[in-house]
2 protein chains.
Amino acid sequence: MASQRGEGELTTTPLEPADRERARAIPEAAVARLAVYLRVLSGMVDQGVTTISSEELSQAAGVNSAKLRKDLSYIGSYGTRGVGYDVEVLVSHIERILGLTRKHSVAVVGIGNLGHALANYGGFPGRGFPVTALFDVDEDLVGVPVGGIPVNHIEDITTVCAEREVSIGVIATPPPAAQAVCDRLVSAGVQCILNFAPVVLQVPDNVEVRKVDLAVEMQILSFHVARRADEAANDLVNGIGVDGMVIRP
Amino acid sequence: MASQRGEGELTTTPLEPADRERARAIPEAAVARLAVYLRVLSGMVDQGVTTISSEELSQAAGVNSAKLRKDLSYIGSYGTRGVGYDVEVLVSHIERILGLTRKHSVAVVGIGNLGHALANYGGFPGRGFPVTALFDVDEDLVGVPVGGIPVNHIEDITTVCAEREVSIGVIATPPPAAQAVCDRLVSAGVQCILNFAPVVLQVPDNVEVRKVDLAVEMQILSFHVARRADEAANDLVNGIGVDGMVIRP
DNA sequence: CCGACTTTGTGCATGCGTTCACAAGCGGTA
DNA sequence: TACCGCTTGTGAACGCATGCACAAAGTCGG
């Protein structure tokens, strides 16, 4: 049983030593899944569910139950054998490990179609990620409010990010501008970047970049389409029908 | 050296037996990277580069050169020792393996902020992913052209997807609608789905789903912010300055 | 034609992540 | 209190992906 403590009395919410070591050791893949569990659990809370077993939760999250238990074990042992997990307890522990006890101010750079969508996206503020700054090069956009926030000129990134304590920068610019924008965000002290531009960003070691590349996602799907189509053709040649039934045994 | 053949004489472009086996064996992670290499290489072609070494390409793609060579070896041996790779040859082989020799018609469901952005996104058609159908529940949207394509009512998914030979469905609906939309796409014969809704979709085994979850991405970044902040606090306690310099040796 | 130099392709070791399988632990019941 | 059934937590085995290091294979200059 890890040390318990009151929460929310500090904005920075430092982790206990035991948790600190755990956080260091959590595999990247497990972190991504913890976020998914958290979302599923939040839904459970809304439905009035108070207790859940690893089997139920793993099904809802679309993973193997052993994996789920191992993932949860990375953040501590908060289940009750023979019963399951207390939903609210689990939620609060995952939130703590993911650093969601503190708000993370977000800046969106590039207010095109995607930037608009991101600025208006309701999922962010509701989950502790308020969008507090928008930037674009287009002078005509500067001052125009999008999703309730006026657009700033890209030249002002450094000062605006500093004064609004931006901790996450989202790049939604055209590809050629992405690296320059990234550099500016970094020099403004932003250490976490979510990149939607189809460009490989070069950043210093102390900056974390995650990329969302729609074209790559599509191409991965395309690969699977091709492989499937090809296997089907192959199977047909080998006497197996499209429904998996052997037509020429 | 794998068998060479003319390309483009068939819309379905079946793979040679040797390639077929390779495609089956390519690790998922490598497929994602191949898509990145392809994008970088396309940029090289535009710059007039004809030959590139694994070292140069790996740097541009942000990976280790050994990994790059291994990834390329999955699709065959098309390099020249002592010289490097012919850019155009590499492009055409990656395209073939990823199934990009054929167009993949895309349907976007849910024409909200994100759906608009996706429908207008220029990156898709340019890379062989023409958006050919849009759907929404909102009667007021039906018939309105977005990005040049009129919106259809969601009730017509099955027929429209079938007649336009949609092979990839993109879900950009609110979370509660996602599973129902997914089921409809599947019953319309769509086997590949890109899901932007923060929901775990349940699909049959023969359907491939990839998810893009912005909230999860943010939370992963949040985790890193927290870990970093915590390490910094820890280091400070242990007498190491924020710039990594030991202030209390 | 030969030797030096360059770069690919890959066998092998290492490390990480997933899965299995079961002991440990808890609640309920008599 | 003692037993029984259920579920967690985790050691251990396995499999996949990464990175190293080098032989194989090509180019280029003389």
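This passage describes a predicted model of two chains, going from their symmetry to a pair of helices and then to one strand residue.

The relation between the copies is a convenient place to begin. Chain A is superposed on chain B by a rotation of 180 degrees with 0.0 Å of shift along its axis, and the RMSD is 0.1 Å. This is the relation of a two-fold axis. The same surface serves both copies, as 100% of the contact residues of chain A recur in chain B.

Within chain A, attention turns to helix H2 (residues 28-46) and helix H4 (residues 65-74), whose axes come within 10 Å and cross at roughly 100 degrees. H2(A) is therefore roughly perpendicular to H4(A), given that angles of 65 to 115 degrees count as such. On the H2(A) side the contact is made by A:Ala30, A:Arg33, A:Leu34 and A:Tyr37, which meet A:Lys67, A:Leu68, A:Asp71, A:Leu72 and A:Tyr74 in H4(A). Sorted by class, this contact holds 6 nonpolar and 3 charged residues, with no polar ones.

Chain B can be read in a similar way. Here the axes of H2(B) and helix H4 (residues 65-74) come within 10 Å and cross at roughly 100 degrees, which makes H2(B) roughly perpendicular to H4(B). B:Ala30, B:Arg33, B:Leu34 and B:Tyr37 in H2(B) meet a set in H4(B) made up of B:Lys67, B:Leu68, B:Asp71, B:Leu72 and B:Tyr74. The class count for this contact is 6 nonpolar, no polar and 3 charged residues.

Helix H2 of chain B merits a further look. Its 19 residues reach 28 Å from the first C-alpha to the last, close to the 27 Å expected at 1.5 Å a residue. Buried residues in H2(B) include B:Ala30, B:Leu34 and B:Tyr37, along with B:Val31, B:Ala35, B:Val36, B:Leu38, B:Arg39, B:Val40, B:Leu41, B:Ser42 and B:Met44. Just after H2(B), B:Gly48 takes a positive phi of about 85 degrees.

Finally, back in chain A, strand E3 (residues 84-86) contains A:Tyr85. Because its relative accessibility is 12%, A:Tyr85 counts as buried, the cut-off being under 20%. Although A:Tyr85 and A:Thr51 lie 34 residues apart along the chain, their C-alpha atoms are separated by 5.5 Å. Leaving aside residues up to four places away in sequence, A:Tyr85 touches A:Thr50, A:Thr51, A:Ile52, A:Ser54, A:Arg69, A:Leu72, A:Tyr78, A:Gly79 and A:Leu90. One of these, A:Leu72, is also among the H4(A) residues that meet H2(A).

Conventions: Residues are numbered from 1 along each chain as its sequence is written. Chains are lettered from A and ligands numbered from 1 in the order in which they are written. This is a predicted model: local features need pLDDT of at least 70, side-chain atom pairs count only at pLDDT 80 or more; totals for chains, interfaces and linings use all residues. Side-chain values use heavy atoms; hydrogens and water are left out. Copies are superposed by least squares on the C-alpha atoms of residues with pLDDT of at least 70 in both. Contact means heavy atoms within 4.5 Å. Axes are lines fitted to C-alpha atoms, for helices over the stretch in contact, and angles run from 0 to 180 degrees between N-to-C directions. Helices (H or I, at least four residues) and strands (E, at least two) are DSSP runs, numbered from the N terminus. Angles under 35 degrees count as roughly parallel, over 145 as roughly antiparallel, 65 to 115 as roughly perpendicular and the rest as oblique. Ala, Val, Leu, Ile, Met, Phe, Trp, Tyr, Cys and Pro count as nonpolar, Asp, Glu, Lys and Arg as charged, and the others, Gly among them, as polar. The expected span of a helix is 1.5 Å times one less than its number of residues. Buried means under 20% relative accessible area, exposed over 50%, partly exposed in between (1.4 Å probe, protein chains only).
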